[in-house]
Structures are given as structure tokens and as C-alpha cells.
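Trainee: I would like to test the labels on this model against their definitions. Can we go through them one at a time?

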Amino acid sequence: GDWITFRKDVVTKDDVYDPVSNTTGTYTCTYGTPRWAKNISKSQDLCDTTWNVFRGFSWSQVEDPNGFKTKTWFYQGMKFDLEDCDGTEREVDISPDENEGDATQIKLSNGFLKEDDYWLVGRPADRVTYEVDGTTSMSRDETVYVTGAVSAGSGPRDSARFTGVYRVMSDTTYSGTTKERWVTYTYDQYGNVTRLYQNGEFPFGGDNRFTDTAYVVNTAKYIV
């Protein structure tokens, strides 16, 4: 099939007026590599479908009026995408420049690779706020997800999946000192958060806390 791409309008600049100081600040937005996945249709032969499913940009960056930059890397869900009409899936590959080429992995800000899971498309994987120099990290949040199959459909694309945040690992740097903290979530069989575990400053010690939540369900009335 041929590539069919469509125009994607994006925000490149946003002028925000502050009535208190009577000033206008400009936020500038830039974006990474756009990706298109093959349109899988059960009513059409694979060779008659095209790569016209827009999967977003590999990253986006917002620069505030003071010059601080926040960059977010996203999952684009290319793991099970097809590279040919014979049903061949993309090979595991990643180019040096983040999410370009036929990558089925994403590269985080620290250089680590993660599988570009189909079920996590559009979700943030990594977020870093930089100093004005654009390279010194002030804070970073890496998000780890959990996915689970439910009793509907089958196959890597057709089955229904539950996806939820498993852990957010954060660090903040100030005056050369970095502090790290984690937040972890656990779920019941219906996808409700049953425990929110907040680790304090790393190495984790006596400042941890957790919140447990119990639910009253009624499966006969589909209240879960």
C-alpha cells in the first residue's frame, strides 16, 4: 500500500496575557518525529490498506517565557505495526535520533530503551524540565505502566486490554543535589486503584506512606 499522510495542525506559539503584571509571555512549542501506523481492517486485504493511522509525535517540548523547557517523550505504539502487506511485523530497531525510522522501541532522556507498546500509544513515558541552557535537568518523571488482558477479543491488536500507571519515578535537582521519590499503584481485578504507595526521599526509609481503598462491587448490575 501507499503512504497517505494528512496535514496535522500543531501549536507552535502561545501568547498568554497576565492581567496582574499587564505583560504578555510567549510559550514556544516544538515536536519530534511524527509516526503513522498501518490501518488494519478486517474487511480489507492488508495490501489494500495504508499507513494512515496517525500515532502522534515522539516528543513535544514547551519553552516558557523565562526560557525553561519541559520535554515529554510519548509512546507511539509501533510494536505490532506491519512493515509490509504480507503481515510481517516491524523488526525491533531504533535509530540514534530517538524515535525515527522503523523503531519499535523508544529512547528515554537517560538513553534507556523501552518497548513501544501498542497499548500505550499516546501515553507519556518520560518528562524532563530543563534549565535555560536546555541541558541541565531540574526535574524528571518516568512513568511505568501495567497492562492486562481482559476477556474480550484476541490477538495483539484486537483484544481488549486494561492499562494503568504502575509507578512514577521522579527526581528533582536543586543546587547540585538530586532528590528521588516514587509513587506506586496497585489495582483490583476491575481496574480500581486499591493502594497508593508513596515512597519518600530515596533511599526510602521512615517517610513512606500508603493509602488503601476498598470498593463495594455489584457484578450483577455491572457496578465495579
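**Labels and their grounds**

Mentor: Start with one pair: V62 has T70 of β6 opposite. Keep in mind that the model is predicted.

Trainee: What makes β5 and β6 (residues 69-74) a pair?

Mentor: Two strands pair if DSSP finds at least two bridges between them. Five bridges join β5 to β6, so they count as paired, and they run antiparallel.

Trainee: Which residue in the turn of that hairpin has a positive phi?

Mentor: G67, at about 95 degrees. Five residues lie between β5 and β6 in this hairpin.

Trainee: How do you know that β2 (residues 23-31) and β5 (residues 59-63) pair?

Mentor: The same test applies: at least two bridges are needed. Here there are four, in the antiparallel sense, so β2 and β5 pair. Within this pairing, C29 has V62 in β5 as its bridge partner.

Trainee: And what joins β12 (residues 177-187) to β13 (residues 193-198)?

Mentor: Five bridges, with the strands running antiparallel. The cut-off is at least two, so this is a pair as well. Y187 stands opposite V193 in β13.

Trainee: What is the order of strands in the open sheet?

Mentor: The ten strands run β1-β2-β5-β6-β9-β10-β11-β12-β13-β14, with antiparallel pairing.

Trainee: Why are β1 (13-18) and β14 (209-212) called edge strands?

Mentor: Each pairs on one side only. From one strand to the next, the twist averages 15 degrees.

Trainee: Where does T143 sit?

Mentor: In strand β10, residues 137-149.

Trainee: Why is T143 called buried?

Mentor: Buried means under 20% relative accessible area. T143 has 12%, so T143 is buried.

Trainee: What does T143 touch, leaving out residues up to four places away in sequence?

Mentor: Y75, K114, P124, A125, V165, R167 and V168. A contact means heavy atoms within 4.5 Å, so each of these has heavy atoms within that distance of T143. The C-alpha atoms of T143 and D126 are separated by 6.3 Å, with their positions 17 residues apart along the chain.

Trainee: How many of the residues in the protein chain are buried?

Mentor: Of the 224 residues, 29% are buried. That means 29% fall under the 20% cut-off.

Trainee: What does the whole chain come to in secondary structure?

Mentor: One helix and 14 strands. Among contacts between residues at least 6 apart in sequence, 44% join residues at least 24 apart. The accessible surface is about 13,500 Å², and 51% of that belongs to carbon and sulfur atoms.

Terms used:
Residues numbered from 1 in each chain as written. Predicted model: local features only at pLDDT ≥ 70, side-chain atom pairs only at ≥ 80, totals over all residues. Heavy atoms only, no water. Buried < 20%, exposed > 50% of the residue type's maximum accessible area, 1.4 Å probe, protein only. Areas by Shrake-Rupley, 256 points an atom, 1.4 Å probe, with all protein chains shown as cover. Axes fitted to C-alpha atoms, helices over the stretch in contact; angles between N-to-C directions.
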